[in-house]
Amino acid sequence: MIPASLATRWWAWAAAACIGSWAWTLAHVPTLVAIGSGCATLIAVVLLLGHGVRRYRLQQASAVLAPGPGELADATAAAEEDEIAALLRETNKEIGEIPPVDQILQSMEADNHRRRLEDLLRRWVDVAHRYSEAALVLRKEIHAVVQHTEQAANTISSSFQAVINKATLQAREAMELLEGTQGGAGEGAPQSLTDFIRVSDERLTKMADEVVRVADLSVQMVKELDGVQSRTQAIDGFLLDVEKLADQTSLLALNADIEAARVGEHGRGFSVVAQEIRRLSQRSHEFSDRIRQHLKAVKVGLHKTYGDMRNLSAADMEHALKIKQEVLELTRSLETKNREVAETVSRINTISREIAQDVHNVVVSLQFHDITSQKLKAMLEPMDELRRTLFHLMQETMAVGKNLLPSRPAEGAETTAPVPEPPSEDDAGDSVIRKLRAVGAPTSGPPVELF
Amino acid sequence: MPTIMTVDDTASMRQMISFTLGSAGYEVIEAADGAEALKLAQDRKVDLVIADVNMPNMDGITLVKSLRAMEQYKFTPILMLTTESQAGKRDQGRSAGATGWIVKPFNPEQLVDVVRKVLG
C-alpha cells in the first residue's frame, strides 16, 4: 500500500516507533494504561500516515508541475485536482483498511477483562480462605476464653463463699460471746458481765453495810460500857457506906463491951455479944475489901474493853467506809468495761451489716462471667453467618465467572476454595441479630417483673 | 423448709443462687439445663423454680411449658432469671406460664425478697 521509498521518510519511522513502543507498553504496564496508550498510538499513527500521504502527493504534484510552469498551468491544475481527488480516494480506502487494528485491540481488551476477572476470583477465594481460617482460630480462642473465665469465676465464687461463710461464723461467735457478757441475769450464778457486776456490787455493798452495822454496834457497846463503869463507881460508894456501917458497928461493939465491963458479972453475956458484933464488923470490912478488889479488877477490865471497843469501832467504821469506796470504784471500772464491750458489740454488728452488703456486691459482680460468656458466644454466630454468606457469594461469583469464561475456568479458585459449611438455618442471621440485641441492648424493661 | 430448684447452664450462676438462697435458709437443688430440671422435678417435689432462658438441650421457655403440663407443677411459682430483657421474650415467658422475670445480674437482696413474695 505504502511505497517502499516512504520508509526513508521520518514520519514513517515515527509511526513505526509509536507502534513499537505501544507493543512494549502492552506487555509491561497495567491493562487500562495499555488500552489508553493503544488509542493514543493509533491516533498518532493515523495522523502520521495521513501527513506522510499528503506530503508524498504534494511532492508528486510539484514534480509533475515543475518541467512546464508557464502556459500549461491550467491544464496541469485540472490534472492536479484529479490526481488529488484520486489520492484522497486512495487515502480514504487505506483508512478504511485500518479496522484490523481495532479488532486486535478488542481482542486484547477481552483478554484483559478475562484476566481481571480471574484475578478478582482468585482474590475472593483467597480472602474467603483466610477469613475462614481466622474465624476458626477466633472461635477456638473465644471458647478458650469462655472456659477460662468460667473456671476462674467458679474458683472465685467458691473461695468467696468460703471466706464469707467463715466471716459469718466468726462474727456470729464473737456476737454470741459478747452478747453473753450483756445478756439477761440467770437465777443462780451470774451469766454475764453485767450480772457479775450487779451481783458483786450487791454483795460487796451488803458486806460493807454489815461492817458499818458492826461498827455502829461497837459504838453502842462503848456507850453501854460507860454506863457499866459509872455503876461500878456507884458500887464503890456503896462499899464505902458498908465500911462506915462496919466501923460504926465496931464502935458500937466497943461501947457495949465497956458498958458490959462496968456492969461486971451480969454484963458478961453482953460482952460476948459485943465481941461477936465486933467480929461481924471486921468480917464486913474484909468482905468490903474483897469486893473492892474484885470491883477494881472489873473496872480495869472494863476500862481495857472500853478502849478496845473504841479503837475497834473507829477502825471498823474506817475500814468499812474504805471497802465501800473501793467497791464503788471497782463497780464503776467494771461498768466502763461493760460499756466498752457494748460498743464493740455494736461495732461488730455494723461490720456484719457491711459484710452482708459487700457479699451482695460480690454476688452481683461475679455474675459478669455468665454475661460475658453469653456475649462472646453471641459473637460466634454472626461470625459464622458472615462466613456462610461469603461462601455463597463466592459460589455465585464463580458461577458467573464460568459463564463469562467458558474456556478458562478459575482452576485456582476451585482448588483453594474452603470446604463449605452449609448454613444450619435460614434465619440464622436474624436470630443472631436478635440475640445480639438482647445481650447488648440496655435493659428495656424492669429488672424484676412478676406476671 | 421450701425447696428451690435453680436451672442454669453456667455453674457459677447456680453457685451464686445456691449461696444466696442457702444463706436465706432455703434448700436449693441445681440443674444444668431444662431436661435435667424436668427429671429432677419429677423425682421430687420442688416449691419454686428459678430458670435461665437460653440453655442447651432444653431452653427455659420449653421447661416452663413442660412443667405447667405436669399436674403437680400447675401452680408452682417459676421465675425466669436471664440476660434477656426484651419485651418480646418476656411475653413469651408470660404466655408459657412463668410467674416472673428477673434480669441478670440479680441483686441477692432483691432475689430473696422476690422469692419470699412468691413463696407467700
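Me: Which residue of chain B forms a salt bridge with E449(A), and how far apart are the closest N and O atoms?

Reply: The general idea is to look for a side-chain nitrogen of Lys or Arg within 4 Å of a carboxyl oxygen of Asp or Glu. In this predicted model, the partner of E449(A) is R94(B), with 3.7 Å between the closest N and O atoms. That distance falls inside the cut-off, so the pair counts as a salt bridge.

Me: How many salt bridges does the rule find across the interface of chain B and chain A?

Reply: The rule finds three. Polar contacts are a separate tally: 10 residue pairs, with both residues at pLDDT 80 or more.

Me: Which elements of chain B supply the side that touches chain A?

Reply: Go through the helices and strands and see where the touching residues fall. Here α1 (11–23), α4 (87–96), β5 (100–103) and α5 (108–119) of chain B each give at least two residues. The largest share, seven residues, is from α1(B). By type, this side of chain B has 15 nonpolar, 13 polar and eight charged residues.

Me: How many residues does each chain bring to the contact, and how much area is buried?

Reply: Chain B brings 36 residues and chain A 32 residues. Together the two chains bury about 3,000 Å², of which 58% lies on carbon and sulfur atoms.

Me: In which sense do strand β1 of chain A and β5(B) pair?

Reply: For strands, check the direction and then the bridge partners. Strand β1 (residues 448–450) of chain A pairs with β5(B) in the antiparallel sense, over three bridges. Within β5(B), G100(B) is the bridge partner of L450(A).

Key: Residues numbered from 1 in each chain as written. Chains lettered and ligands numbered in written order. Predicted model: local features only at pLDDT ≥ 70, side-chain atom pairs only at ≥ 80, totals over all residues. Heavy atoms only, no water. Contact = heavy atoms within 4.5 Å. Buried area = accessible area lost by both parts, 1.4 Å probe. Polar contact = N/O pair within 3.5 Å; in protein donor to acceptor, adjacent residues only side chain to side chain. Helix = DSSP H or I, 4+ residues; strand = E, 2+ residues; numbered from the N terminus. Nonpolar A, V, L, I, M, F, W, Y, C, P; charged D, E, K, R; others polar. Pairing = 2+ DSSP bridges.
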